[in-house]
Amino acid sequence: MRFVLRCVLVCCLVLAWSSSALADDHDTVPTVHGLALYDEPALPADFTHFPYVDPDAPKGGSMTQAAVGSSFDSTNPFIIRGTPAIGIGEIYDTLLASNLDEPFSVYGLLAEGIRLDPERLWIEFDLRPEARFHDGEPVTAEDVVFSFNLLMEEGNPFYRGYYADVERVEALDTHTVRFEFASNHSRELPLIVGQLPILPQHYWEERDFSSPTLARHPGSGPYRIAEVEPGRRIVYARVENYWGRDLPVNVGRHNIDRLIYDYYRDRDIAWEAFKAGVLDYRTDARAATWAIGYDFPAYHEGLVKRLTVPDGQPSRMQAFVFNLRRDKFKDPRVREALNLTFDFPWLNANLFYDTYQRTESFFQNSEMAAEGLPSEAELELLEPYRDILPERVFDAPLPIEFPDDRRERLRLAYELLLEAGYEVRGDKLVDSESGRPLSVEVMLFDSGMERVVQPMLRNMSRLGIQGRLRIVDINQYLNRLRSFDFDIVTGQFPQSNNPGNEQREYWTSDFAHSPQSRNLMGLEHPAVDALVERLIRADSREELNTAARALDRVLLWSFIVIPHYHSGETRIAIWDKFGYPEAFPEYGFDLTTWWVDAEREREINQRLRGR
């Protein structure tokens, strides 16, 4: 009994000491309104709105957009199962919000105060007492703890990689939550914790979170789910009594009353719907349409206008992705040979009106893109892995130069395939030992890329490769991705100006066999794993750039994808009923700052009815 009492006393003393230590932390660390990755946030504590908004923007109206080539069967975007509806993130608030005029700075949204440990081993958030979910229930620290644990345990694998270094989350009281970190190696971790979407515990704790649902579940954000027509349409309505509408991070934003997404399986039908005025807004990713497609009455009458918005972030890597889990793609010479069958000069001249540039880096159009030969700082990171890296990582300059002449490229591709153990028998390229033909299937869920794939397949056939294109519906496509049942698919790897924890899910071994992770290719490489960790741990801009360039070199010379192309800008077409601030943000595009001009909307509607 005396031993038990002694244990109880010790536990009480430990708890008392822990509470005292937390109180000391709470009292000695200053409470701030925002955080920046390396320096101080640009906006002062008393800022009234972001620089790129119109604080007097009117409310009202609607915006209808198309979701092309897909459907949806779920309003839960956080899990592996199901196809989530587009735009669903509009219903959620996060702890912090980003200012797109800064490379990476965040300011309070659900959180009104932030305390960051000087050693970056913990962060605390003071929640705003007025924060409410759509059903009127308050947002509490317990909701934050619940959301984190739920996403880590049952959510998409992305969250387990993104927040891998979070060791513990604790509600200190009703409106104070504390995140403790396993280390301070990731400088961005305190900021990206603030990106956590907060879910209502009272709603989800009695429901099956892991299953797709079409319920109109509540969030705490500026929009709520208003209409759900599975596979056809989803509508979000602005929450008029939104608790956060007057916060500095929200002033001048979320102005349009109804955000409507109509689903189309065919992009040509969606294009006709836009020309007819059924759709209000489109992002035009088709060079031919942009170049010659706007020859219709509404455009000539000034009812439709076009905008180009420069990309403030690195141009994303869009590419054909090899499934490295398959034996035929394990030899990098085979992958390099297939890269040579992609005839970008011909595509650009004949399909794209010379509007694109070839993507040559995973961090294109940024200071993180590797160029020339590696620097001494890069070599220092790469040297420990010399024995398992291609020699060209060390002694060949970037970008990789491919011959413009198609015959020369195919000749080089043929030589690489011979070196890899293939030979031509009859009209087929076969493995010299097994006699098995080299066959490649490109899988798509949208016919829009067919015109890009077919010339590549024709070049493959000239080498004796059996290439084919398979277009499947979105659900079959997703199921095959989850089971890794594909040869080549199209993948996208967007980058920010401050890449960090998300790189684990893109490239590292831990995610090579995780269904629906962004490591589509199944890449497993010790050097890549180590370089990703060095990038995440970078403590200065210079260190981050060096690590990113070294990683870029390894990825490029491994030929894990066939890179596509980019334009360096976003092309937008709209029915001219919208207003928007003339100065777009420097590091992104924020459609939430737009509004509907009621007078222009009436004029356009009258002219459409009069046709």
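A nonpolar patch here is built from residues with over 30% relative accessible area and no salt bridge, with nonpolar side chains joined within 5 Å. Keep that handy for the first exercise. One caveat up front: this is a predicted model.

**Exercise 1. Find the residues of the nonpolar surface patch that includes L418, and check that L418 qualifies.**

Step 1. The patch is formed by Y414, L418 and V424, which together offer about 230 Å² of accessible area.

Step 2. Now place L418: this residue lies in helix α13.

Step 3. L418 has a relative accessible area of 38%, so it is partly exposed. The patch cut-off is over 30%, and the 38% of L418 clears that bar.

**Exercise 2. Work out which elements supply the positive patch on the surface, then classify R407 as buried, partly exposed or exposed.**

Step 1. Collect the members: R406, R407, R458 and R462 gather in this patch of positive charge.

Step 2. Two elements, α13 (406-419) and α14 (450-462), give two or more residues to the patch.

Step 3. R407 sits in helix α13. Its relative accessible area is 69%. Exposed means over 50%, so R407 goes in the exposed bin.

**Exercise 3. Trace the salt bridges of R178 and say what the one with E124 ties together.**

Step 1. Some background: oppositely charged side chains can pair when their charged atoms come close.

Step 2. R178 and E124 meet through their side chains in a salt bridge, at 2.7 Å from N to O. R178 lies in strand β8 and E124 in strand β6 (residues 122-127), so the pair ties together parts 54 residues apart in sequence.

Step 3. R178 also forms a salt bridge with E180, where the closest N and O atoms are 3.2 Å apart.

Step 4. Check the burial. Both R178 and E124 are buried. For R178 the relative accessibility is 4%, so it counts as buried, the limit being under 20%.

**Exercise 4. Describe the surroundings of T176 and F125, leaving aside neighbours within four places in sequence.**

Step 1. Start with T176, in strand β8 (residues 176-181). At 7% relative accessibility, T176 counts as buried.

Step 2. The contacts of T176 are R115, E124, F125, D126, A141, E170 and A171.

Step 3. Follow the contact to F125, which has its place in strand β6. F125 has a relative accessible area of 0%, so it is buried.

Step 4. The contact list of F125 has T176 on it, and others include L95, L96, H175, V177, F179 and P190.

Step 5. For a sense of distance, take Y159: F125 and Y159 are 34 residues apart in sequence, and their C-alpha atoms are 20 Å apart in space.

**Exercise 5. Locate the two ends of the D446–R267 salt bridge and decide how accessible each one is.**

Step 1. In this salt bridge, the closest N and O atoms of D446 and R267 are 2.6 Å apart.

Step 2. The pair links distant parts of the chain: D446 is in the loop between β18 (439-444) and α14, while R267 is in helix α6 (residues 267-275), 179 residues apart.

Step 3. D446 is buried, with 13% relative accessible area, whereas R267 is partly exposed at 28%.

Step 4. Now zoom out. Through shared partners, salt bridges join R326, K328, E441, R468, R470, R480, D485 and D487 into one network. Searching the whole structure turns up 42 salt bridges.

Methods: Residues numbered from 1 in each chain as written. Predicted model: local features only at pLDDT ≥ 70, side-chain atom pairs only at ≥ 80, totals over all residues. Heavy atoms only, no water. Patch = residues over 30% accessible without salt bridge, like charges linked within 9 Å, V, L, I, M, F, W, Y side chains within 5 Å. Areas by Shrake-Rupley, 256 points an atom, 1.4 Å probe, with all protein chains shown as cover. Salt bridge = Lys/Arg side-chain N within 4 Å of Asp/Glu carboxyl O. Lys, Arg positive; Asp, Glu negative; His and termini not counted. Charge placed at Lys NZ, Arg CZ, Asp CG, Glu CD. Helix = DSSP H or I, 4+ residues; strand = E, 2+ residues; numbered from the N terminus. Buried < 20%, exposed > 50% of the residue type's maximum accessible area, 1.4 Å probe, protein only. Contact = heavy atoms within 4.5 Å.
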